[in-house]
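Student: I am new to this structure and would like a close look at one part of it, the surroundings of the ligand. Please take that part slowly and then connect it to the rest.

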Amino acid sequence: MNETEKRSRLAVAQADFHEPLAEVAKHHSVEVMDHEVSVFLKQMPSKARILDIGGCWGWHWRKMDASAWSPRVILLDFVPQNFKYAEVILGSIFHRSVLPIEGDAQNLPFEDNLFDAVWTVQTFQHIRDFDRACREAWRVLKPGGKFINYSLHAPVFLKLIYWICGKKFHLKGEVPGRFYLRRADAEQKKTVETIFRGPVEERFTECLFHPDLRFTFSGKEGSLLGDLDAQLGAFPRLGSLIARQRSFFAVK
Ligand SMILES: C[S@@+](CC[C@H](N)C(=O)[O-])C[C@H]1O[C@@H](n2cnc3c(N)ncnc32)[C@H](O)[C@@H]1O
(Lines give C-alpha, C1' and ligand atoms only; values in the text may rest on other atoms or scores of the structure.)
Protein backbone atom coordinates (compact mmCIF):
# COMPACT_ATOMS: atom_id res chain seq x y z
CA MET A 1 0.00 0.00 0.00
CA ASN A 2 1.28 3.47 -0.86
CA GLU A 3 1.50 5.39 2.45
CA THR A 4 2.51 8.67 0.78
CA GLU A 5 -0.59 8.56 -1.39
CA LYS A 6 -2.75 7.68 1.61
CA ARG A 7 -1.42 10.66 3.56
CA SER A 8 -1.90 13.08 0.68
CA ARG A 9 -5.48 11.81 0.04
CA LEU A 10 -6.28 12.06 3.75
CA ALA A 11 -5.17 15.71 3.79
CA VAL A 12 -7.57 16.46 0.90
CA ALA A 13 -10.43 14.55 2.55
CA GLN A 14 -9.95 16.54 5.75
CA ALA A 15 -10.08 19.93 4.03
CA ASP A 16 -13.32 21.94 4.04
CA PHE A 17 -15.12 22.30 0.73
CA HIS A 18 -18.43 24.14 0.70
CA GLU A 19 -19.25 22.96 -2.81
CA PRO A 20 -17.67 19.53 -3.20
CA LEU A 21 -18.88 19.00 -6.79
CA ALA A 22 -17.31 22.32 -7.82
CA GLU A 23 -14.07 21.03 -6.28
CA VAL A 24 -14.39 17.77 -8.24
CA ALA A 25 -14.80 19.80 -11.45
CA LYS A 26 -11.27 21.16 -11.02
CA HIS A 27 -9.91 17.62 -11.39
CA HIS A 28 -12.44 15.77 -13.55
CA SER A 29 -14.88 16.79 -16.27
CA VAL A 30 -18.26 16.23 -14.63
CA GLU A 31 -20.15 16.23 -17.95
CA VAL A 32 -17.74 13.77 -19.59
CA MET A 33 -17.83 11.35 -16.68
CA ASP A 34 -21.63 11.65 -16.33
CA HIS A 35 -21.83 10.56 -19.96
CA GLU A 36 -19.41 7.66 -19.38
CA VAL A 37 -21.46 6.54 -16.34
CA SER A 38 -24.72 6.64 -18.25
CA VAL A 39 -23.28 4.56 -21.14
CA PHE A 40 -21.87 2.11 -18.60
CA LEU A 41 -25.11 1.80 -16.60
CA LYS A 42 -27.07 1.00 -19.77
CA GLN A 43 -25.03 -2.21 -20.02
CA MET A 44 -25.92 -3.29 -16.50
CA PRO A 45 -28.63 -5.82 -15.63
CA SER A 46 -31.27 -4.68 -13.15
CA LYS A 47 -30.12 -4.83 -9.54
CA ALA A 48 -26.52 -5.03 -10.78
CA ARG A 49 -23.77 -5.12 -8.18
CA ILE A 50 -21.05 -2.65 -9.10
CA LEU A 51 -17.74 -2.19 -7.33
CA ASP A 52 -16.20 1.29 -7.64
CA ILE A 53 -12.53 0.93 -6.65
CA GLY A 54 -11.06 4.17 -5.32
CA GLY A 55 -14.62 5.53 -5.29
CA CYS A 56 -13.66 8.49 -3.09
CA TRP A 57 -16.52 11.04 -3.02
CA GLY A 58 -18.85 8.77 -5.01
CA TRP A 59 -19.96 11.61 -7.28
CA HIS A 60 -20.24 9.38 -10.38
CA TRP A 61 -23.36 7.77 -8.89
CA ARG A 62 -25.25 10.86 -7.73
CA LYS A 63 -27.90 10.62 -10.48
CA MET A 64 -28.89 7.05 -9.64
CA ASP A 65 -32.18 6.47 -7.88
CA ALA A 66 -32.90 4.11 -5.03
CA SER A 67 -35.56 2.01 -6.75
CA ALA A 68 -35.58 -1.75 -6.22
CA TRP A 69 -34.21 -2.33 -9.77
CA SER A 70 -31.37 0.16 -9.58
CA PRO A 71 -27.81 -1.05 -9.29
CA ARG A 72 -26.12 -1.21 -5.92
CA VAL A 73 -22.69 0.36 -5.89
CA ILE A 74 -20.02 -0.56 -3.39
CA LEU A 75 -17.76 2.45 -2.95
CA LEU A 76 -14.37 1.15 -1.89
CA ASP A 77 -11.55 3.41 -0.80
CA PHE A 78 -8.51 3.08 1.44
CA VAL A 79 -9.19 6.56 2.87
CA PRO A 80 -12.64 6.25 4.47
CA GLN A 81 -12.58 9.93 5.47
CA ASN A 82 -13.55 10.56 1.81
CA PHE A 83 -17.00 9.18 2.52
CA LYS A 84 -17.86 12.36 4.43
CA TYR A 85 -18.15 14.12 1.05
CA ALA A 86 -19.81 11.10 -0.56
CA GLU A 87 -22.61 11.56 1.96
CA VAL A 88 -22.93 15.27 1.09
CA ILE A 89 -22.96 14.63 -2.67
CA LEU A 90 -25.14 11.51 -2.70
CA GLY A 91 -27.69 12.55 -0.08
CA SER A 92 -30.48 10.02 0.40
CA ILE A 93 -28.99 7.30 -1.85
CA PHE A 94 -25.87 7.08 0.32
CA HIS A 95 -26.08 3.88 2.39
CA ARG A 96 -29.12 2.81 0.32
CA SER A 97 -27.90 2.44 -3.28
CA VAL A 98 -24.28 3.40 -2.67
CA LEU A 99 -22.56 1.60 0.18
CA PRO A 100 -19.14 2.72 1.44
CA ILE A 101 -16.44 0.29 2.49
CA GLU A 102 -12.82 0.79 3.53
CA GLY A 103 -10.46 -1.49 1.66
CA ASP A 104 -7.37 -1.85 -0.50
CA ALA A 105 -7.60 -2.39 -4.25
CA GLN A 106 -4.72 -4.86 -4.02
CA ASN A 107 -6.46 -7.09 -1.52
CA LEU A 108 -10.21 -6.72 -2.04
CA PRO A 109 -12.32 -7.74 0.96
CA PHE A 110 -14.79 -9.77 -1.15
CA GLU A 111 -15.33 -13.34 -2.19
CA ASP A 112 -14.79 -14.48 -5.80
CA ASN A 113 -17.40 -13.97 -8.58
CA LEU A 114 -19.51 -11.40 -6.72
CA PHE A 115 -19.87 -8.33 -8.94
CA ASP A 116 -21.51 -7.61 -12.30
CA ALA A 117 -19.00 -4.83 -12.89
CA VAL A 118 -15.86 -3.18 -11.60
CA TRP A 119 -15.59 0.54 -12.35
CA THR A 120 -12.43 2.40 -11.40
CA VAL A 121 -11.40 5.95 -12.26
CA GLN A 122 -7.91 7.40 -11.85
CA THR A 123 -7.05 4.97 -9.07
CA PHE A 124 -5.07 2.11 -10.67
CA GLN A 125 -2.76 4.80 -12.07
CA HIS A 126 -1.60 5.32 -8.48
CA ILE A 127 -0.95 1.63 -7.76
CA ARG A 128 2.54 0.32 -8.45
CA ASP A 129 1.38 -3.24 -8.96
CA PHE A 130 -1.14 -2.72 -11.76
CA ASP A 131 -1.14 -6.44 -12.51
CA ARG A 132 -2.20 -7.32 -8.98
CA ALA A 133 -4.99 -4.73 -8.89
CA CYS A 134 -6.35 -6.07 -12.21
CA ARG A 135 -6.17 -9.67 -10.96
CA GLU A 136 -8.13 -8.70 -7.87
CA ALA A 137 -10.77 -6.96 -10.03
CA TRP A 138 -10.99 -10.08 -12.22
CA ARG A 139 -11.32 -12.35 -9.19
CA VAL A 140 -14.32 -10.54 -7.71
CA LEU A 141 -16.17 -10.28 -11.05
CA LYS A 142 -18.79 -12.82 -12.04
CA PRO A 143 -18.15 -14.64 -15.34
CA GLY A 144 -19.38 -12.17 -17.98
CA GLY A 145 -18.77 -9.28 -15.54
CA LYS A 146 -17.46 -6.00 -16.97
CA PHE A 147 -14.29 -4.17 -16.04
CA ILE A 148 -13.45 -0.58 -16.90
CA ASN A 149 -10.41 1.35 -15.76
CA TYR A 150 -9.80 5.04 -16.54
CA SER A 151 -6.30 6.43 -16.13
CA LEU A 152 -4.50 9.55 -17.21
CA HIS A 153 -3.29 9.34 -20.80
CA ALA A 154 -0.08 10.66 -22.37
CA PRO A 155 -1.39 12.47 -25.47
CA VAL A 156 1.10 13.80 -28.04
CA PHE A 157 -0.52 17.23 -27.75
CA LEU A 158 0.24 17.55 -24.03
CA LYS A 159 3.76 16.15 -24.37
CA LEU A 160 4.43 18.72 -27.09
CA ILE A 161 3.26 21.60 -24.90
CA TYR A 162 5.45 20.39 -22.01
CA TRP A 163 8.37 20.12 -24.42
CA ILE A 164 7.79 23.66 -25.78
CA CYS A 165 7.61 24.98 -22.20
CA GLY A 166 10.78 23.06 -21.25
CA LYS A 167 8.93 21.11 -18.55
CA LYS A 168 9.31 17.41 -17.76
CA PHE A 169 6.26 15.33 -18.68
CA HIS A 170 5.63 12.70 -16.00
CA LEU A 171 4.93 9.25 -17.43
CA LYS A 172 5.67 6.76 -14.67
CA GLY A 173 7.08 6.94 -11.14
CA GLU A 174 6.79 8.73 -7.82
CA VAL A 175 5.58 12.33 -7.73
CA PRO A 176 7.60 13.30 -4.63
CA GLY A 177 5.51 13.81 -1.48
CA ARG A 178 2.22 13.15 -3.28
CA PHE A 179 1.76 9.80 -4.99
CA TYR A 180 2.94 7.25 -7.49
CA LEU A 181 1.60 7.92 -11.00
CA ARG A 182 1.75 5.75 -14.08
CA ARG A 183 -0.15 6.93 -17.13
CA ALA A 184 -2.04 4.35 -19.21
CA ASP A 185 0.25 2.57 -21.64
CA ALA A 186 0.40 -0.34 -24.10
CA GLU A 187 1.95 -2.65 -21.52
CA GLN A 188 -1.06 -2.15 -19.21
CA LYS A 189 -3.41 -2.89 -22.09
CA LYS A 190 -1.53 -6.16 -22.65
CA THR A 191 -1.81 -6.95 -18.93
CA VAL A 192 -5.61 -6.50 -19.04
CA GLU A 193 -5.83 -8.64 -22.20
CA THR A 194 -3.82 -11.40 -20.53
CA ILE A 195 -5.80 -11.40 -17.28
CA PHE A 196 -9.21 -11.18 -18.97
CA ARG A 197 -8.13 -13.58 -21.73
CA GLY A 198 -9.80 -11.49 -24.41
CA PRO A 199 -9.89 -8.21 -26.28
CA VAL A 200 -9.68 -4.83 -24.57
CA GLU A 201 -11.67 -1.87 -25.86
CA GLU A 202 -10.06 1.54 -25.46
CA ARG A 203 -11.69 4.92 -25.09
CA PHE A 204 -10.11 8.36 -25.02
CA THR A 205 -12.01 10.95 -22.99
CA GLU A 206 -11.64 14.50 -21.65
CA CYS A 207 -10.32 16.07 -24.85
CA LEU A 208 -11.30 19.60 -23.82
CA PHE A 209 -10.38 19.35 -20.15
CA HIS A 210 -6.73 19.89 -19.19
CA PRO A 211 -6.04 21.02 -15.61
CA ASP A 212 -2.29 20.96 -16.40
CA LEU A 213 -2.96 23.83 -18.82
CA ARG A 214 -5.47 25.49 -16.46
CA PHE A 215 -8.19 24.58 -18.93
CA THR A 216 -10.87 23.50 -16.48
CA PHE A 217 -13.99 25.54 -17.17
CA SER A 218 -15.38 22.71 -19.37
CA GLY A 219 -15.31 20.50 -16.27
CA LYS A 220 -18.25 22.11 -14.50
CA GLU A 221 -21.62 20.41 -14.24
CA GLY A 222 -23.91 21.78 -16.99
CA SER A 223 -21.04 23.14 -19.11
CA LEU A 224 -21.93 23.14 -22.84
CA LEU A 225 -18.28 22.64 -23.69
CA GLY A 226 -18.24 19.70 -21.29
CA ASP A 227 -21.27 18.30 -23.06
CA LEU A 228 -19.49 18.63 -26.42
CA ASP A 229 -16.42 17.01 -24.88
CA ALA A 230 -18.55 14.05 -23.77
CA GLN A 231 -19.45 13.44 -27.46
CA LEU A 232 -15.79 13.51 -28.52
CA GLY A 233 -15.29 10.13 -26.85
CA ALA A 234 -16.75 8.72 -30.09
CA PHE A 235 -13.65 9.85 -32.05
CA PRO A 236 -10.76 7.68 -30.89
CA ARG A 237 -8.22 8.94 -33.46
CA LEU A 238 -8.67 12.50 -32.28
CA GLY A 239 -8.86 11.36 -28.66
CA SER A 240 -5.62 9.41 -28.84
CA LEU A 241 -3.85 12.67 -29.79
CA ILE A 242 -5.44 15.10 -27.36
CA ALA A 243 -7.48 13.33 -24.65
CA ARG A 244 -6.43 13.47 -21.04
CA GLN A 245 -7.88 10.09 -20.11
CA ARG A 246 -7.56 6.62 -21.59
CA SER A 247 -9.73 3.70 -20.51
CA PHE A 248 -9.52 -0.06 -20.87
CA PHE A 249 -12.70 -2.13 -20.97
CA ALA A 250 -12.76 -5.92 -20.76
CA VAL A 251 -15.19 -8.73 -19.95
CA LYS A 252 -14.43 -11.68 -17.67
C1 LIG B 1 -7.55 10.40 -8.00
S2 LIG B 1 -8.69 9.81 -6.81
C3 LIG B 1 -10.04 9.36 -7.88
C4 LIG B 1 -11.32 9.31 -7.14
C5 LIG B 1 -12.57 8.93 -7.93
N6 LIG B 1 -12.44 7.63 -8.54
C7 LIG B 1 -12.98 9.98 -8.91
O8 LIG B 1 -13.04 9.68 -10.10
O9 LIG B 1 -13.26 11.10 -8.50
C10 LIG B 1 -8.01 8.22 -6.34
C11 LIG B 1 -8.77 7.58 -5.20
O12 LIG B 1 -8.31 6.24 -5.06
C13 LIG B 1 -8.05 5.95 -3.71
N14 LIG B 1 -7.00 4.91 -3.70
C15 LIG B 1 -5.74 5.01 -4.17
N16 LIG B 1 -5.09 3.84 -4.02
C17 LIG B 1 -5.98 2.97 -3.47
C18 LIG B 1 -5.90 1.61 -3.07
N19 LIG B 1 -4.76 0.92 -3.22
N20 LIG B 1 -6.99 1.02 -2.57
C21 LIG B 1 -8.15 1.73 -2.41
N22 LIG B 1 -8.28 3.02 -2.74
C23 LIG B 1 -7.21 3.65 -3.28
C24 LIG B 1 -7.64 7.28 -3.08
O25 LIG B 1 -7.87 7.33 -1.69
C26 LIG B 1 -8.55 8.25 -3.85
O27 LIG B 1 -9.78 8.41 -3.20
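Tutor: His-28 places a polar side-chain atom 3.3 Å from an oxygen atom of the ligand. The model is a predicted one, and the distances here are computed from it. Two further polar approaches involve the backbone. In Phe-78, a backbone N or O atom lies 3.2 Å from a nitrogen atom of the ligand. In Val-121, a polar backbone atom is 2.9 Å from a nitrogen atom of the ligand. The ligand taken alone exposes 600 Å², and the protein buries 95% of that area.

There are 19 residues around the ligand, and those that come nearest are Gly-54, Trp-59, His-60, Asp-77 and Asp-104. Trp-59 deserves a second look. Leaving out residues up to four places away in sequence, Trp-59 touches His-28, the residue whose side chain approaches the ligand oxygen. The other residues that Trp-59 touches, with the same exclusion, are Leu-21, Val-24, Ser-29, Val-30, Met-33, Asp-34 and Ile-89.

Trp-59 also leads into the protein interior. The largest nonpolar core has 32 residues, and Trp-59 is among those with the most contacts inside it, along with Phe-40, Ile-50, Trp-61, Val-98 and Trp-119. At least two residues of this core come from each of α2 (20-24), α3 (30-42), β2 (72-77), α4 (83-90), β4 (115-121) and β5 (141-152). Another core lies apart from this one; it has 26 residues, including Ile-127, Phe-130, Phe-196 and Val-200.

Two of the core residues just named, Trp-61 and Val-98, are in contact with Ile-93. Ile-93 sits in the loop between α4 and β3 (98-102). Is Ile-93 buried or exposed? Ile-93 counts as buried because its relative accessibility is 6%, under the 20% limit. Beyond its neighbours within four places in sequence, Ile-93 also contacts Arg-62, Met-64, Asp-65 and Ala-66. As for Trp-138, it is 45 residues from Ile-93 in sequence, and the two C-alpha atoms are 27 Å apart.

Strand β4, one of the elements that supply the largest core, also holds Asp-116. The relative accessible area of Asp-116 is 14%, so Asp-116 is buried as well. Its side chain makes a polar contact of 3.0 Å with the side chain of Lys-142. Apart from residues up to four places away in sequence, Asp-116 touches Lys-142 together with Met-44, Pro-45, Ala-48, Arg-49, Leu-141, Gly-145 and Lys-146.

Elsewhere, Thr-205 lies in strand β8 (residues 201-205). Thr-205 is buried, because its relative accessible area is 2%. Neighbours within four places aside, Thr-205 is in contact with Val-32, Glu-36, Tyr-150, Gly-233, Ala-243, Arg-244 and Gln-245.

The cysteines complete the account. How many disulfides does a search of the whole structure find? The search finds 0. Cys-134 is in no disulfide, since the nearest cysteine sulfur, that of Cys-56, is 20 Å away, and a disulfide requires sulfur atoms within 2.5 Å. Cys-134 counts as buried because its relative accessibility is 0%. Cys-207, at 4%, counts as buried too.

Key: Residues numbered from 1 in each chain as written. Predicted model: local features only at pLDDT ≥ 70, side-chain atom pairs only at ≥ 80, totals over all residues. Heavy atoms only, no water. Core = buried A, V, L, I, M, F, W, Y, C linked by side-chain atoms within 4.5 Å. Buried < 20%, exposed > 50% of the residue type's maximum accessible area, 1.4 Å probe, protein only. Helix = DSSP H or I, 4+ residues; strand = E, 2+ residues; numbered from the N terminus. Contact = heavy atoms within 4.5 Å. Near = heavy atom within 4 Å. Polar contact = N/O pair within 3.5 Å; in protein donor to acceptor, adjacent residues only side chain to side chain. Areas by Shrake-Rupley, 256 points an atom, 1.4 Å probe, with all protein chains shown as cover.
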